[in-house]
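Student: I've just opened this one and I'm a bit lost. Could you take me closely through the surroundings of the ligand, and then show me how the rest of the chain is laid out?

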Amino acid sequence: MNADLLVVGSGLFGLTVAERAANDLGLNVVVIDRRHHIGGNAYSEPEAQTGIEVHRYGAHLFHTSNERVWNYVNQFTGFTNYVHKVYTNHHGIVYPMPVNLHTINQFFNAAYSPSEARQLIAEQAAELEGKEPENFVEKGISLIGRPLYEAFIMHYTAKQWQTDPEQLPASIISRLPVRYNYDNRYFNDTWEGLPVDGYTAWFERMVDHPRIEVKLDTDFFDDAQPFSKGAAAGQVPVVYTGPVDRYFDFEAGELGWRTIDLEEEVLPIEDFQGTSVMNYPDADVPYTRIHEFRHFHPERSYTKDATVIMREYSRFAEKGDEPYYPINTDADRAGLLAYRDLARAESNVLFGGRLGTYKYLDMHMAIGSALSMVDNKLRPHFTEGARLE
Ligand code: FAD
Ligand code: NA
C-alpha cells in the first residue's frame, strides 16, 4: 500500500481530514466508504423523475458561527441566501416555530406584548409550584407551561422517542427556547445557506486532488479488500470515522442509536405545503414532519408539474439500520468510556466524527473537529514524528 494515510468514511469529517492531509500536509491519502457515494449522511442527489435535489438521509441545512469553518467551506462552494424556517401543524392550524410571540398570540388568540407574554408563560410554568420535575412532562411544563408544551412539544418528542411522554426522563430536555419577539429564523448562527450547486458538487471538489484516491463500496471490515482493518493494522496510519463499537467488535456492548425512516413521494402538483419543513406535533399523526425539497432552492427553476415530499418517522435503531442520533442511556455512557480507553490505546488509529465518537455533530462541528485533529494530531505526527495517538 503506497498511501501515507487511510481515511475510513467519506462523511464531512473524513473529507475534511483527507483534503487537509493532501493539500496542506502533502500526503497521499486513500479514502474508503462502504456506501456507493461520498458525503456520508449529508449526501444529496437529483430525484430521478423531477430533478429536484433531495437529501437522501434527511434534510441538511448548513449553518455556523465559526469563522474558520465558514472560510474553509467557501473554498469549495458558494452558499445561497436560504434562511431556514419551520412551521408546525397542530390540530389543523399552522403556527411558526420555534415558539415565538407570533405562535403565542395565535395560540391564545391575543395580541400580547413581549412583557405580557413573558408574564403569562411564567405564570403557566409555575404550575408545579417549585417541585422538582420528575419526568419529561413535568420538566416541559416547568419550562414553558402546560398549554404550549402539550400542543407543540410533548407528543412531538414522544414520537421521536417512540415512548409514552410520562416514561421519558426529564434529562432529555434542559431548555425549550421561547422567543418573545416575531423572529422565527430557525438557526441563530452568523452564517447559513445551502450549497449553490448542491452538496455532492461541494464534496467532489474537496477530494478532487491527485494525491486523494476514493474507493467506494469498500468496507473497512472486509478482509478481502486491501484497505481493510486487517491489512492496514500497523502498516499505515488510519483515521476511522465508522462506529466505534463496531471497530472493537462490540466488546464493551452495543451503543444505542435512534434512526429515522423517510417515505418519499412525487406528487403531480407544483407545491404541496408552501414551505420546506412542516412539523406534525399531534399524537394521532404517525410522522414527525414533512420535507418538501423544492423549497430549499427557490432560486432554481424546477419543474412546475411535480414536487417531491418526504415524510419522516423516528424510531430506535436495530441491527442494519442507519445510526442517526445517540440515545445516551447510562449504559451507553459507560460503554463509551470503555471505548474511549480502547481507542486511545489503539496505536496508529485516530477515531473521529459522529460515529467514531458517538456524538451528534452538525456539519460545521464535524468539519471544525476534523480541522482540530489535523492541527493537533496529524501535523505533529507527519512533520515532527510525534506519536499518533
Ligand atoms: P457521516 O456523515 O455519518 O459519515 C460517516 C461515513 O463513514 C459514512 O459515509 C459511512 O458509510 C462510512 N462508514 C461507516 N462505517 C464504515 C466502514 N466499516 N467502512 C467504510 N466506511 C464506513 N448537520 C447540519 O449541520 N445540519 C443539518 O440540518 C443536519 N441534519 C441532519 C439530519 C439527520 C437525520 C442526521 C442523522 C444528521 C444531520 N446533520 C446535520 C449532521 C450531519 O449529517 C453530520 O454532521 C455529518 O454526518 C457528520 O459527518 P461524519 O463524517 O462524522 O459522519
Ligand atoms: Na488511538
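Tutor: Let's go straight to ligand 1. This is a predicted model, and in it 35 residues sit around ligand 1, with Gly9, Gly11, Gly40, Gly242 and Gly353 coming nearest. If you'd like to find that shell by element, look for α1 (12–23), α11 (353–357) and α12 (363–384), the elements that each give two or more residues to the shell. As for chemical character, the shell splits into 17 nonpolar residues, twelve polar ones and six charged ones.

Now follow α1 away from the ligand. α1 packs on a sheet, where it touches β1, β2 (29–32), β9 and β10, and its direction makes about 165° with that of β2. That sheet is an open one with five strands, in the order β9-β2-β1-β10-β16, and the pairing is parallel. At its edges you'll find β9 (212–215) and β16 (349–351), each pairing on one side only. Going from one strand to the next, the twist averages 20°. Zoom in on β1 (residues 5–8) and β10 (residues 238–240): these two run parallel and are joined by three bridges. Val8, for instance, stands opposite Tyr240 in β10.

Pull back a little and there's another sheet to look at. This one is open too, has seven strands and mixed pairing, and its order reads β7-β6-β12-β13-β14-β11-β15. Here the edge strands are β7 (93–97) and β15 (325–326), and each of them pairs on one side only. Strand β6 (residues 86–90) runs antiparallel to β7, with five bridges joining the two. Take Tyr87 as a landmark: its bridge partner in β7 is Pro96. This sheet has a helix across it as well, since you can see α6 (residues 146–161) lying across β6, β12 (277–279) and β14 (307–316), at about 95° to β6.

Two spots in the backbone deserve a pause. Most residues other than glycine have a negative phi, and most peptide bonds are trans. Against that background, look at the bond between Met97 and Pro98: it's a cis peptide bond, with omega about -15°. Pro98 is found in the loop between β7 and α3 (101–107). The other spot is Gln162, a residue other than glycine whose phi is positive, near 45°. You'll find Gln162 in the loop between α6 and β8 (191–193).

To get the overall layout, use the domain assignment: it gives domain 1 as 5–38 + 207–253 + 327–384, and domain 2 as 100–172. The C-alpha centres of domain 1 and domain 2 lie 40 Å apart.

And how confident is the predictor in all this? The chain averages a pLDDT of 95, and 100% of the residues score at least 70. For the complex, the predictor gives an ipTM of 0.98 and a pTM of 0.95.

Terms used
Residues are numbered from 1 along each chain as its sequence is written. Chains are lettered from A and ligands numbered from 1 in the order in which they are written. This is a predicted model: local features need pLDDT of at least 70, side-chain atom pairs count only at pLDDT 80 or more; totals for chains, interfaces and linings use all residues. pLDDT is the predictor's confidence in each residue, from 0 to 100. A residue is near a molecule or strand if its C-beta atom, placed from the backbone, lies within 6 Å of it. Helices (H or I, at least four residues) and strands (E, at least two) are DSSP runs, numbered from the N terminus. Ala, Val, Leu, Ile, Met, Phe, Trp, Tyr, Cys and Pro count as nonpolar, Asp, Glu, Lys and Arg as charged, and the others, Gly among them, as polar. Domain bounds come from an automatic or database domain assignment. Two strands pair if DSSP finds at least two bridges between them. Two residues are in contact if their C-beta atoms, placed from the backbone, lie within 7 Å. Axes are lines fitted to C-alpha atoms, for helices over the stretch in contact, and angles run from 0 to 180 degrees between N-to-C directions.
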